[in-house]
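Reader: I should like to go through this structure with you, beginning with its charged side chains. May I put some short questions?

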Amino acid sequence: MGPLKGIKVVDMTTVLMGPYATQMLGDYGADVIKVESLDGDVTRLIGPMRHAGMGPVFLNTNRSKRSICLDLKKPSGRDAVLRLLRDADVLVYNVRPQAMARLQLGYDVVSAINPRLVYAGVFGFGQDGPYAAKPAYDDLIQGATALPALMAQTGDGTPRYVPNALVDRIVGLTAVGAICASLVHRDRTGRGQRVDIPMFETMAGFVMGDHMGGLTFEPPLDKGGYARHLSRDRRPYKTSDGYLSVIVYNDKQWENFFKATGRDDLRADPKFATFAGRAGNIDVVYAELARIFETRTTAEWIDLLTKADVPVMPMHDLASMLHDEHLEATNFFPVVNHPTEGPIRSMKVTASWSETEAEPIRLAPRLNEHGAEILKEIGYSADEIAALVRDGVTRAAPE
């Protein structure tokens with residue numbers, strides 16, 4: 001009974017960015033119909049896996065959805081999608097708009113059939129610039145929005161990508177907000193609309209929100225960059241037996257830190273005594289903290305800093321995160337039984353509501369698992385469905 005119960009979403013997305021957004025809409029209660037090619041979403045092939053086509057990236061980005069496969073290059077496949085869209089609330093796609101136009105599924109065509117539809121595109125670039133028709137991937141957009149350059153500046157000088165599909169997931173989150181805002185507008189006016197969520201512009205704002213710095217001003221006051229984020233010593237601190245994530249940020253936290261560690265000498269040092277002094281000497285501050293934290297064990301520091309109300313967290317790796325005491329207490333990683341994949345580790349919906357609590361309504365589907373069911377819902381007879389299978393427009397239901 002999530003907050004989006006009753007909303008029908010036609011999901012024509014693949015890989016991560018679009019599927020992450022539509023999974024969230026499904027977790028929030030929407031009926032998400034994932035339209036796949038006859039070969040399925042490519043992330044089905046990313047292992048390890050127990051059964052072909054059900055890899056972990058797919059399983060963790062496509063729950064709360066139903067699957068139908070259609071060949072959209074065939075007229076009868078396109079017709080099936082148009083029938084799906086007649087009473088849909090949202091269409092989400094992540095190919096370039098030019099490709100949607102070639103499929104004769106552009107906004108001009110679809111909105112004529114359903115004027116209430118929110119037609120949401122997540123793709124590389126805004127359509128009013130010279131990059132409009134360029135392909136885009138997470139790595140490309142990371143590079144174009146300075147993330148590898150920032151990684152080089154704070155590391156060994158070698159540009160590197162963030163080891164996470166950061167762009168895909170941030171743009172996916174942005175798409176969820178844009179879609180929900182468009183639904184509010186639709187409910188107020190009765191009119192749907194086209195909404196574009198470009199990767200490049202979204203990430204340019206995301207990165208430069210932190211690092212615009214003196215480039216905010218005209219003429220510029222500096223070359224940009226947030227000094228604290230760019231300090232080479234801004235990293236987990238080495239303790240005598242491991243690592244620890246700590247941030248001593250405001251004046252109260254620093255006062256607590258001085259007391260807990262007995263460092264009255266730092267309290268008297270203008271580089272440490274005030275927020276402005278620390279900000280102007282951030283490399284000195286972080287280097288001194290690094291020396292201090294090497295003097296005790298991780299457990300000793302967690303106990304000391306927690307009692308002093310100084311922000312501290314363990315530095316997890318992927319495996320240890322599964323056993324974090326807070327995540328275990330909140331059952332964030334429940335083990336659930338998938339109908340074909342057996343026990344799998346899932347993840348909770350992170351937002352919570354007092355009136356419309358949301359949870360995943362189904363686990364990730366096999367390819368075309370719900371194809372016949374969906375076609376029947378939009379008026380196809382058993383004979384017509386059989387003909388679509390025979391003509392290679394869709395596939396037979398999986399065993």
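Reader: Is Asp187 buried or exposed?
Author: This is a predicted model. In it, Asp187 is exposed, with a relative accessible area of 56%.

Reader: Which residue does Asp187 meet in a salt bridge?
Author: Its partner is Arg186, at 3.0 Å from N to O. Arg186 counts as buried, because its relative accessibility is 2%.

Reader: Which residues are joined into one network by salt bridges that share partners?
Author: Asp31, Arg66, Glu373 and Glu377 are joined in that way.

Reader: And how many salt bridges does the structure hold?
Author: There are 21. One of them pairs Asp27 with Arg63, where the closest N and O atoms are 2.8 Å apart. That pair links distant parts of the chain, 36 residues apart: Asp27 lies in helix H1 (residues 17–27), and Arg63 in the loop between helix H2 (56–59) and strand E3 (65–69).

Reader: Are Asp27 and Arg63 buried or exposed?
Author: Asp27 counts as buried at 5% relative accessibility, and Arg63 is buried as well, with a relative accessible area of 8%.

Reader: Changing topic, how many cavities of 30 Å³ or more does a search of the whole structure find?
Author: The search finds one. The largest cavity holds about 60 Å³ of space.

Reader: Which residues line the largest cavity?
Author: The lining consists of Leu59, Asn60, Arg63, Ile344, Arg345, Ser346, Met347, Leu363 and Ala364. By class, five are nonpolar, two polar and two charged. Arg63, the salt-bridge partner of Asp27, is among the lining residues.

Notes. Residues are numbered from 1 along each chain as its sequence is written. This is a predicted model: local features need pLDDT of at least 70, side-chain atom pairs count only at pLDDT 80 or more; totals for chains, interfaces and linings use all residues. Side-chain values use heavy atoms; hydrogens and water are left out. On a 1 Å grid over the protein atoms alone, a cavity is a set of points where a 1.4 Å probe fits but cannot get out, and a pocket is an open set with protein on both sides within 12 Å along at least five of seven lines; lining residues have an atom within 4 Å of a point. Grid points are joined across faces, edges and corners, and a volume is the space filled by probe spheres set on the points. Ala, Val, Leu, Ile, Met, Phe, Trp, Tyr, Cys and Pro count as nonpolar, Asp, Glu, Lys and Arg as charged, and the others, Gly among them, as polar. A salt bridge is a side-chain nitrogen of Lys or Arg within 4 Å of a carboxyl oxygen of Asp or Glu. Helices (H or I, at least four residues) and strands (E, at least two) are DSSP runs, numbered from the N terminus. Buried means under 20% relative accessible area, exposed over 50%, partly exposed in between (1.4 Å probe, protein chains only).
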